[in-house]
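Me: I would like to learn how to read a structure of this kind, starting from single side chains and working towards the interior. Could you take me through it step by step?

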Amino acid sequence: MSAVLETRSLCKAFGGLAVTQDLNLSLAAGARHALIGPNGAGKTTLINQLTGVLRPSSGSVWLDGADITRMAPHQRVARGLSRTFQINSLFPQLTPLEAVTNVICERERAGLSVLQRRFFRLSRRRAEIDEAYALLEQLNLAQDCLRETRTLAYGKQRLLEMALALAARPKVLLLDEPAAGVPEGESDELFEVLGALSTDISILLIEHDMSLVFRFAARITVLVCGAELVTGTPAEIADDPRVREVYLGKRH
């Protein structure tokens, strides 16, 4: 199966500190792939290179067969690469329906000429509002769609951030610790929603909660000091003595 997202000999250094070392990561279409590793392993730095926030020192990033290494973040979003963040990046005064509708409208505006954009009015975009509501319903947020975001429980806010990323209609969704700070009951709901997403979307997940990782991922890559230690199935990762020693703990 061809890769929808891949890195080729990706390297990143800050001065003499190498934080990504010759990384060749491959994400298949429809993948449920997790990236794990101890603190400081370079996981978020990798996500920042994939999304264009950081430029790699060498190597390349490919999306759906195209080299996107030099593309700006918004160009990568337009090509189908979306992400969430460790810390919520939301609009606290807006309702979920308003926020998601705005993202959908911005996605639609991206294909319009300057003149067409002048006549694009949010209040007239019934189809976009309907699409936003359907997406919120899919993520168990329909009942909260008219509440201000700042009043939502933290788990609901994390779901809303995923809704905003999904509103861009990505081919690949990068999730940077989506369950961080979320109470256990709410994290279960979050991963139930993730598990129900269409396999038209490939997902790369960074997460420290190993029970969630092993429940969600079909393949796992272990990153240590910016380099790939091993990639395999959850069973292979759990049985690998190197992984138990450097990350999971010998008793896992």
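Reply: Let us start with one charged residue in this predicted model: Glu131 has a relative accessibility of 25%, and because buried means under 20% and exposed over 50%, Glu131 counts as partly exposed.

Me: Which side chain does Glu131 meet in a salt bridge, and what is the N to O distance?

Reply: A salt bridge is read from a side-chain nitrogen of Lys or Arg within 4 Å of a carboxyl oxygen of Asp or Glu. Here the partner of Glu131 is Arg107, at 2.9 Å from N to O. Glu131 belongs to helix α5 and Arg107 to helix α3 (residues 96-109), so the pair ties together parts that are 24 residues apart in sequence. Arg107, at 18% relative accessibility, counts as buried.

Me: How many salt bridges does the structure hold, and which residues are joined into one network by salt bridges that share partners?

Reply: The structure holds 13 salt bridges. One of them links the side chains of Arg215 and Asp188, at 3.6 Å from N to O. Arg215 lies in helix α8 and Asp188 in helix α7, so this pair ties together parts that are 27 residues apart in sequence, and Asp188 is partly exposed at 28% relative accessibility. Asp144, Arg147, Lys156 and Glu189 are joined into one network by salt bridges that share partners. Another salt bridge pairs Arg8 with Glu6, whose closest N and O atoms are 3.1 Å apart; Arg8 is partly exposed with a relative accessible area of 36%, and Glu6 is partly exposed at 21%.

Me: How should I read a helix, and what span should the 12 residues of helix α7 have?

Reply: The expected span is 1.5 Å times one less than the number of residues. For helix α7 (residues 184-195) this gives 16 Å, and the end C-alpha atoms are 16 Å apart, which agrees. The next step is to ask which way the side chains point: the buried residues of α7 are Ser187, Leu190, Phe191, Val193 and Leu194. Seen down the axis of α7, the buried residues fall within an arc of 155 degrees, so they line one face of the helix. Gly185, Glu192 and Gly195 are exposed on the other side of α7.

Me: Against which elements do the buried residues of α7 pack?

Reply: They pack against α5 (126-138), α6, β8 (172-176), β9 (202-206) and α8 (210-216).

Me: Which residues of the largest nonpolar core touch the most other members?

Reply: A nonpolar core is read as buried nonpolar residues joined through side-chain atoms within 4.5 Å. The largest one here has 43 residues, of which Val100, Leu160 and Leu194 touch the most other members. Helix α6 (residues 154-166) supplies the largest share of this core, 7 residues, and at least three residues come from each of domain 1 (1-80 + 170-251) and domain 2 (88-169). Apart from this core lies another, of 22 residues, including Leu5, Val61, Ile68 and Met71.

Me: What does Leu160 contact, leaving aside its neighbours within four places in sequence?

Reply: Leu160 is in contact with Leu90, Pro96, Val100, Leu136, Leu141, Thr149 and Leu152, leaving aside those neighbours.

Me: Is Gln49 buried or exposed?

Reply: Gln49, which lies in helix α1 (residues 43-51), counts as buried at 0% relative accessibility. Not counting residues up to four places away in sequence, Gln49 touches Leu10, Cys11, Lys12, Thr20, Leu54, Pro56, Val61 and Arg76.

Terms used
Residues are numbered from 1 along each chain as its sequence is written. This is a predicted model: local features need pLDDT of at least 70, side-chain atom pairs count only at pLDDT 80 or more; totals for chains, interfaces and linings use all residues. Side-chain values use heavy atoms; hydrogens and water are left out. Helices (H or I, at least four residues) and strands (E, at least two) are DSSP runs, numbered from the N terminus. Buried means under 20% relative accessible area, exposed over 50%, partly exposed in between (1.4 Å probe, protein chains only). Contact means heavy atoms within 4.5 Å. Domain bounds come from an automatic or database domain assignment. The arc is that of the directions from the helix axis to the C-beta atoms.
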